[in-house]
Amino acid sequence: MTSRIPRDSRLRLVRPRPLAAAPRAVNQRRPRRPAPRPPEGTPAPAELAGMARTRLAGAARVARWADASLGPGRAGATADGKATLSDATAEGAAAELGLSVAQVRADWDTARLAGLVEVHGDSARPGWRLRAWDRDDSAVLRGWVALFDAWSLACPEPGGHEPAAVAEVVSAMPQVLSFLQLSAGPVPVEQLLDLLQQRVTELRTERCEVAYEPGTGEPAGTPRPADPAPAEDTPLAPLLDWALGALASVGALTYGGGQATLTPLGSWAVWVKLEQICVAAQSPAGNIEQSAEDMLRGCAQLRPNAARAEYRAWLAARPVGSAVTELIGAARGDDALLRGLAFEALRVVGAPAEPDVRAVVEEPALRPYALLWLAEHDGIDPEDAHEVLTREEATWLWVDTAAAVADHGEAPMLVRHLESAVQPTVPQLLDEVRAVGHPRTVQVLVALAAAHPDPALAKAVRRAAFQVHTGG
């Protein structure tokens with residue numbers, strides 16, 4: 001007796017496609033927004049990259065020294081478990097490079113902020129940008145923008161100020177930088193201080209701070225918007241001086257003589273971030289104002305490059321830490337498509353997301369995505385990153401991706417998804433899918449059986465779905 005079930009049919013193995021490609025069949029084409037031009041007078045990218053290389057030359061030199069002198073098998077570079085240079089290492093670098101110990105430490109910190117050195121737990125290693133430093137202008141500019149984004153870490157904040165006041169100034173500085181960019185020239189510090197005070201007042205009003213004033217006759221705990229503090233009672237002037245000095249130290253502006261002026265690099269970076277925000281704000285879903293989950297749903301209908309632009313704009317509008325937390329929260333939901341898209345957005349975040357991604361490796365639903373993210377972050381080619389997964393993890397990811405396709409794609413796409421399985425035959429795939437225990441296994445197999453044009457194979461898949469459903 002013969003059977004039509006293709007028990008030994010070979011599946012053609014192909015590289016798994018990014019999950020962001022799943023809804024492509026249902027996408028609606030949108031008219032493309034013309035590529036924006038930078039403001040007149042902005043140097044060409046190659047010239048900007050040259051400026052960034054000059055600004056980061058010291059950091060690159062120390063990073064290369066560390067790569068050559070502190071590689072695997074050599075003495076450790078750190079002393080505190082945070083990739084801070086030990087005294088001996090800093091002194092050795094200073095002697096070899098002809099620098100002071102303080103300059104070595106400053107360049108090391110800059111290299112970390114610019115991604116020339118990547119910190120992993122209690123160790124550090126060369127970042128991918130260092131490898132591409134001499135040949136890739138975009139890598140250089142991204143490294144400088146990473147330093148620009150971290151300006152508040154580049155210089156210690158002044159003592160004697162409440163952390164909340166410092167945080168307010170950091171939150172208000174994007175508006176100050178936007179004003180400098182629009183002014184396209186020197187701006188008096190007094191004018192910037194007025195703008196900073198207005199923005200801080202707005203931030204406090206938006207929070208609707210609770211004021212407690214014993215003896216006023218108001219019931220305890222009565223909330224009301226806090227009265228804007230007088231300028232003389234709010235130490236914003238020294239904080240603005242710190243902020244402008246820190247931005248000057250990373251090369252974003254020049255500061256002196258009671259005036260501040262954006263450098264060409266700083267003007268370009270602010271323009272890029274404003275454009276990212278404008279692109280997102282003009283999207284149909286208004287993604288920049290949405291939660292992570294709603295933003296990801298809006299991006300599901302976009303092509304990969306457009307989606308990445310949306311992710312960058314969404315990230316630019318909020319603190320990195322809270323954005324990463326939101327994205328991982330969305331990944332923990334029931335929608336497999338959002339899970340994959342969340343990790344695509346985390347790829348845009350890059351190194352700052354590593355601790356949070358590493359923290360979810362032990363969560364079964366997120367483990368395959370986290371392992372792939374970490375592999376790519378460690379420099380493994382995305383085409384080969386899947387090799388870090390065990391057979392069981394790869395099968396779980398196959399089912400999760402199939403669930404996303406079943407929910408958001410079309411039948412032919414689900415059939416084609418068979419080709420990305422690691423199992424060489426359909427029976428092996430079905431056996432391992434049943435064993436992996438994914439919560440959507442039954443729904444995926446039923447959808448695959450309904451979509452597949454081969455009646456015999458569809459019957460085998462339905463039988464597998466029934467066995468999973470009944471516990472057989």
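**Exercise 1. Place A323 and describe its surroundings.**

Solution.
Step 1. A323 sits in helix α14, residues 320–331. The model is a predicted one.
Step 2. Check burial. The relative accessible area of A323 is 0%. The cut-off for buried is under 20%, so A323 is buried.
Step 3. List the contacts, leaving aside neighbours within four places in sequence. A323 touches W314, L315 and R318.
Step 4. Look further along the chain. A292 is 31 residues away from A323 in sequence, and their C-alpha atoms are separated by 7.6 Å.

**Exercise 2. Test the length of helix α13, then find its buried residues.**

Solution.
Step 1. Helix α13 covers residues 304–316, which is 13 residues.
Step 2. At 1.5 Å a residue, the span should be 18 Å.
Step 3. The end C-alpha atoms of α13 are 18 Å apart, so the two values agree.
Step 4. The buried residues in α13 include A307, E310, Y311, A313, W314 and L315. Two of these names, W314 and L315, also appear among the contacts of A323.

**Exercise 3. Classify the aromatic pair W151 and W242.**

Solution.
Step 1. How many aromatic pairs does the structure hold? There are three.
Step 2. Two values are needed for a pair of rings: the distance of the centres and the angle of the planes.
Step 3. For W151 and W242, the centres are 5.4 Å apart and the planes stand at 50°.
Step 4. Planes under 30 degrees apart count as stacked, over 60 as edge-to-face and the rest as tilted. The W151 and W242 pair is therefore tilted.
Step 5. Locate the partners. W151 belongs to helix α7 (residues 151–154) and W242 to helix α10 (residues 236–249). The pair therefore ties together parts 91 residues apart in sequence.
Step 6. Both W151 and W242 are buried.

**Exercise 4. Do the same for F343 and Y369.**

Solution.
Step 1. The F343 and Y369 rings are 5.6 Å centre to centre, with 25° between the planes. This pair is stacked.
Step 2. F343 lies in helix α15 (residues 336–349) and Y369 in helix α17 (residues 367–377). The pair links distant parts of the chain, 26 residues apart.
Step 3. Are the partners buried or exposed? F343 has a relative accessible area of 1%, so F343 is buried. Y369 has 7% relative accessibility, so Y369 counts as buried.

**Exercise 5. Describe helix α18 and its residue D400.**

Solution.
Step 1. Helix α18 runs over residues 391–408 and has 18 residues. From first C-alpha to last, α18 reaches 26 Å, close to the 26 Å expected.
Step 2. Of the 18 residues, 13 are buried, so α18 is mostly covered.
Step 3. D400 lies in α18. With a relative accessible area of 0%, D400 is buried.
Step 4. Leave aside neighbours within four places in sequence. D400 then contacts A336, R339, Y369 and H438. Y369 is also the stacking partner of F343.

**Exercise 6. Compare how α18 packs on α20 and on α21.**

Solution.
Step 1. Packed helices are described by the angle between their axes and the distance between the axes.
Step 2. Take helix α20, residues 426–436. Its axis lies 9 Å from that of α18, at an angle of about 90°. That makes the two roughly perpendicular.
Step 3. Name the contact residues. From α18 come R391, E392, T395, W396, W398 and V399; from α20 come Q428, L429, E432, V433 and V436.
Step 4. Take helix α21, residues 441–451. The axes of α18 and α21 come within 9 Å and cross at roughly 60°. The two helices are therefore oblique to each other.
Step 5. Add the hand. The crossing of α18 and α21 is left-handed.
Step 6. Name the contact residues. W398, V399, A402, A403 and A406 in α18 meet T441, V444, A447 and L448 in α21.
Step 7. Compare the lists. W398 and V399 of α18 appear in the contact with α20 and in the contact with α21.

**Exercise 7. Summarise the whole chain.**

Solution.
Step 1. The chain has 22 helices and five strands.
Step 2. Of its 472 residues, 43% count as buried.
Step 3. Consider contacts with a separation of 6 or more. Residues 24 or more positions apart account for 67% of them.

Note on methods:
Residues numbered from 1 in each chain as written. Predicted model: local features only at pLDDT ≥ 70, side-chain atom pairs only at ≥ 80, totals over all residues. Heavy atoms only, no water. Helix = DSSP H or I, 4+ residues; strand = E, 2+ residues; numbered from the N terminus. Expected span 1.5 Å × (residues − 1). Buried < 20%, exposed > 50% of the residue type's maximum accessible area, 1.4 Å probe, protein only. Phe/Tyr/Trp six-rings, centres within 6.5 Å; stacked < 30°, edge-to-face > 60°. Contact = heavy atoms within 4.5 Å. Axes fitted to C-alpha atoms, helices over the stretch in contact; angles between N-to-C directions. Parallel < 35°, antiparallel > 145°, perpendicular 65-115°, else oblique. Left-handed = near helix turned anticlockwise from the far one by under 90°.
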